[in-house]
Amino acid sequence: MLTTVVGSYPSFSRLPLSIMEKISNYMGSYDAYKSALEIAVQDQVKAGVNLISDGQVRGNMLEVFAKEIPGMITTDGKPIIIGKIQPAPYSIGASDIKVALKTAKKLSSDFKNDLQILYRNKFQDNFKGIKAIITGPTTLALSSRIEGFYNKDEKDKAIIDIAGALKKEAEYLQNAGAAVIQIDEPFLSTGIADLKTANKAIGIIVSDLLQPTSIHVCGPISEVLDDLLRFKVSIIDCEFADQNKNLEALENINLKGKKIGLGCIDTKTNTVETKEQVASIIEKGMELVGKENLIADPDCGMRLRSREAAYSKLKVMVETVKWLS
Ligand SMILES: [Zn+2]
């Protein structure tokens, strides 16, 4: 069984220390988050995770995209739509994917250039690669205030235009070496999102991608899982540790060829679970959908956890998966 992360890792910005860093700070090119990115990658590789992320260390999931997409701005980290939404003329996250891949390769030669690896081989137990993460169009639009171009009741139109912008970004990320493209849509379980529009928007993003795709949805899924299974993605990733009712939603399910990302680590607390606790969730998942259809990961992002807790939680997850195989 593959292991992965949802994406975010404890982050910190670091002041320039070396002479070279101080010079690049003076020139305006110092990157205060590069060391956080490298630490996130190193910890995930060391913990033995198969499909790692760049740690999403640069800020909250809305702001990172909203401040770069033409037609959107942010104020105090909150997105605002001010004009016609269009693709950015450059990639938002590709350079971080390249740094993450380079950092991982230094630690393990198992990390390879993912464009050379066949799609089906990415689900083999020993696969190692980088997953790129995009904040979904429905979540971005529903979190935004509309102040221009779109009428207040035209969020659907904005969602489709954001999807057009993110389609371009997903292609940049794939070309940068991402093995899997994940779209985060926490809003899809809240009851306020239109799942038809969400599905159409995700379809736009993934339509020309060659790599497997995943959608991460937070919270309870029993009301939405049937709809999610119609989305054109390879993996549906949800929380099963903190939301153990979600396991019931997997009973007698027709996966339609998809895999389930089985959140088996509680990401709301720093308390590190025991192998037995993690195993009980994974075993239940195996019983319901079969081992071959599961990918183990934490419930959600780990930005708010301590680095020690985040690392130990990943380690116990990887050890439990090995223990069960
Ligand atoms: Zn989540």
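**Group meeting: strand 9 and its neighbours**

Hi everyone, let's start in the middle of the sheet: strand 9 and strand 10 (residues 259–263) run parallel and are joined by five bridges. Strands here, like helices, are DSSP runs numbered from the N terminus (E, at least two residues, for strands; H or I, at least four, for helices). Two strands count as paired if DSSP finds at least two bridges between them.

A quick word on the source: this is a predicted model, where local features need pLDDT of at least 70, side-chain atom pairs count only at pLDDT 80 or more, and totals for chains, interfaces and linings use all residues. Residues are numbered from 1 along each chain as its sequence is written.

On its other pairing, strand 9 runs parallel to strand 8, with three bridges between them. Isoleucine 235, which lies in strand 9 (residues 235–239), makes a nice guide. In strand 10, lysine 259 stands opposite isoleucine 235; from strand 8, serine 214 does so. Contact means C-beta atoms, placed from the backbone, within 7 Å. Leaving out residues up to four places away in sequence, isoleucine 235 touches Pro212, Ser214, Lys258, Lys259, Gly261 and Ile295.

So, is isoleucine 235 buried or exposed? Buried, with 24 other C-beta atoms within 10 Å. The cut-offs are 20 or more such atoms within 10 Å for buried, 12 or fewer for exposed, and partly exposed in between, again with C-beta atoms placed from the backbone. Five of the five residues of strand 9 are buried, so the strand is largely enclosed by the rest of the structure. In a regular strand the side chains alternate between the two faces of the sheet. Here Ile235, Asp237 and Glu239 point one way, Ile236 and Cys238 the other.

Now let's zoom out. The open sheet has eight strands in the order 1-11-10-9-8-7-5-2, with parallel pairing. Strand 1 (2–3) and strand 2 (51–52) stand at the edges with a single partner strand each, so one side of each has no neighbour in the sheet. Helix 6 (residues 155–175) packs on the sheet, touching strand 5 (129–135) and strand 7, and its direction makes about 165 degrees with that of strand 5. For that angle, axes are lines fitted to C-alpha atoms, for helices over the stretch in contact, and angles run from 0 to 180 degrees between N-to-C directions.

Last stop, helix 1 (residues 19–27): of its nine residues, the number buried is zero, so helix 1 lies largely in the open. Glycine 28 follows helix 1, with a positive phi near 85 degrees. Thanks, everyone!

Technical notes:
Two residues are in contact if their C-beta atoms, placed from the backbone, lie within 7 Å.
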